[in-house]
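The following exercises concern helix packing, the nonpolar core and selected loop positions of one protein model. Each task is followed by a solution in steps.

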Amino acid sequence: MNDRWIEVADRVWVRRVERLDQSLGLVVGDDCCLVIDTGITAEAGFAYATAIRELTDLPWQVAYTHDHFDHWFGTAAFGESAVWAVGDGAHYVAFGDEQRKAWASKFRLDGREEDARRIGGTRLVPPNCRVQGAIGLNLGGRTVVLRQVGLAHSDNDMVVEVPDAGVLFAGDILEHGAPPSYSSAYPIEWPQAVEFLLSWKPKVVVPGHGEPGDYWWARAQARDLAEVARLCTEVAQGFLTEDEAAAHGPFGPDSMREAIARWKALTPPAPEPAPRPDPALTPPPPVVVYEVFDYQVDLTR
Ligand SMILES: [Zn+2]
């Protein structure tokens, strides 16, 4: 597959990228356009920016669906621009640096020197406009909504809604063709977040990876995410073993095990029961002496 454009609605585009099967977004208004995620490396971002310039020469703003490197390491190609995200700039710089080092050493260990050099040399572009709750962004003649999700695929997910076209850019909250990633997710809260986001019944739902789908596809995935949450809860209650849950997870055993491991990491361990006191060392209970007075007063005298 070569990288290609899909126009999913009037002036709403999805760039299907071969690497990681990514879906990047573009919404074009009368005055400017919004770029949703920028790709995995500076080179990928440059290729994406070039492809955008084939469609429009309007100025752009950028939105990050979340802080995973494959969604924002391409931003250096977009120059100075407004960059919207839920997480703040300091978080993006710190976490971006961590991911850059981790992936560079992983590629180096795998003998992929060129990839290691590329990702290691990425210039991080942190967001400069912060989204809390939801904001409407006027692109000229059309307004898109940037919406903070809460806890789902990560703790800083943001979706982009294009109400006039019925399109929802969901980031990695939904995935098509691959199981959703639970590595930094919130398995219990995730399905509720998706149900809320689908409550306006978007016609087209664009996942972070894989082909765009429709409302019913997204709804089915929300149901599967809810089943994962339920299996995690039943493991916690001792009703199911981890092996049983893994065998019946809707996204396959590996995803289910990843979800359980993540859920455990998020759940504080049960407090240790208080030690039983040693009777030999326990002081006896205090002896209380009651003085009982029993008398009658004859009020007739
Ligand atoms: Zn992600």
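**Exercise 1. The nonpolar core**

How many residues has the largest nonpolar core, and which of them have the most contacts inside it?

Solution. The structure is a predicted model, in which local features need pLDDT of at least 70 and side-chain atom pairs count only at pLDDT 80 or more, while totals for chains, interfaces and linings use all residues. Residues are numbered from 1 along each chain as its sequence is written.

Step 1. Fix the terms. A residue is buried if 20 or more other C-beta atoms lie within 10 Å of its own, exposed if 12 or fewer, and partly exposed in between, with C-beta atoms placed from the backbone. A nonpolar core is a set of buried Ala, Val, Leu, Ile, Met, Phe, Trp, Tyr and Cys residues joined through C-beta atoms within 7 Å.

Step 2. The largest nonpolar core contains 73 residues, and those with the most contacts inside it are Val27, Leu34, Ala63, Met158, Val159, Val194 and Val206. Its largest share, seven residues, is supplied by H5. Such labels denote DSSP runs numbered from the N terminus, helices (H or I) having at least four residues and strands (E) at least two.

Step 3. Two residues are in contact if their C-beta atoms, placed from the backbone, lie within 7 Å. Setting aside residues up to four places away in sequence, Val159 touches Thr65, Arg147, Val149, Leu168, Phe169, Ala170, Gly171, Ile173 and Leu197.

**Exercise 2. Helix H5 and its partners**

Determine how H5 packs against H7 and against H4.

Solution. Step 1. Axes are lines fitted to C-alpha atoms, for helices over the stretch in contact, and angles run from 0 to 180 degrees between N-to-C directions. Angles under 35 degrees count as roughly parallel, over 145 as roughly antiparallel, 65 to 115 as roughly perpendicular and the rest as oblique.

Step 2. H5 (residues 215-236) and H7 (residues 253-266) pack at about 60°, their axes being 10 Å apart. The two helices are therefore oblique to each other. H5 passes H7 in a right-handed crossing; a crossing is right-handed if the near helix is turned clockwise from the far one by less than a right angle, and left-handed if anticlockwise.

Step 3. On the H5 side, Val228, Leu231, Cys232 and Val235 meet Met256, Ala259, Ile260 and Trp263 of H7. This contact comprises eight nonpolar, no polar and no charged residues. In this classification Ala, Val, Leu, Ile, Met, Phe, Trp, Tyr, Cys and Pro count as nonpolar, Asp, Glu, Lys and Arg as charged, and the others, Gly among them, as polar.

Step 4. H4 (residues 190-197) packs with H5 at an angle of about 160°, with the axes 8 Å apart. H4 is thus roughly antiparallel to H5. The crossing of H4 past H5 is left-handed. Trp190, Pro191, Val194 and Glu195 in H4 meet Ala222, Leu225, Ala226 and Ala229 in H5. By class, the residues of this contact divide into seven nonpolar, no polar and one charged.

**Exercise 3. Helices H2 and H3**

What is the relative orientation of H2 and H3?

Solution. Step 1. The axes of H2 (residues 89-109) and H3 (residues 113-120) come within 7 Å and cross at roughly 170°. This makes H2 roughly antiparallel to H3.

Step 2. Arg100, Trp103, Ala104, Phe107 and Arg108 of H2 make the contact with Glu113, Asp115, Ala116, Ile119 and Gly120 of H3. The contact has five nonpolar, one polar and four charged residues.

**Exercise 4. Loop positions**

Examine the backbone and surroundings of Leu20 and Asp21, then the exposure of Gly140.

Solution. Step 1. Most residues other than glycine have a negative phi. Leu20, however, has a positive phi near 60°, and the phi of Asp21 is positive as well, at about 55°.

Step 2. Leu20 lies in the loop between strand E2 (12-17) and strand E3 (22-28), and Asp21 is placed in the loop between E2 and E3. Leu20 is partly exposed because it has 15 C-beta neighbours inside 10 Å; Asp21, with 17 such neighbours inside 10 Å, also counts as partly exposed.

Step 3. Gly140 is found in the loop between strand E8 (134-138) and strand E9 (143-150). With 12 other C-beta atoms within 10 Å, Gly140 is exposed. Apart from neighbours within four places in sequence, Gly140 is in contact with Gly29, Asp30, Asp31 and Cys32.
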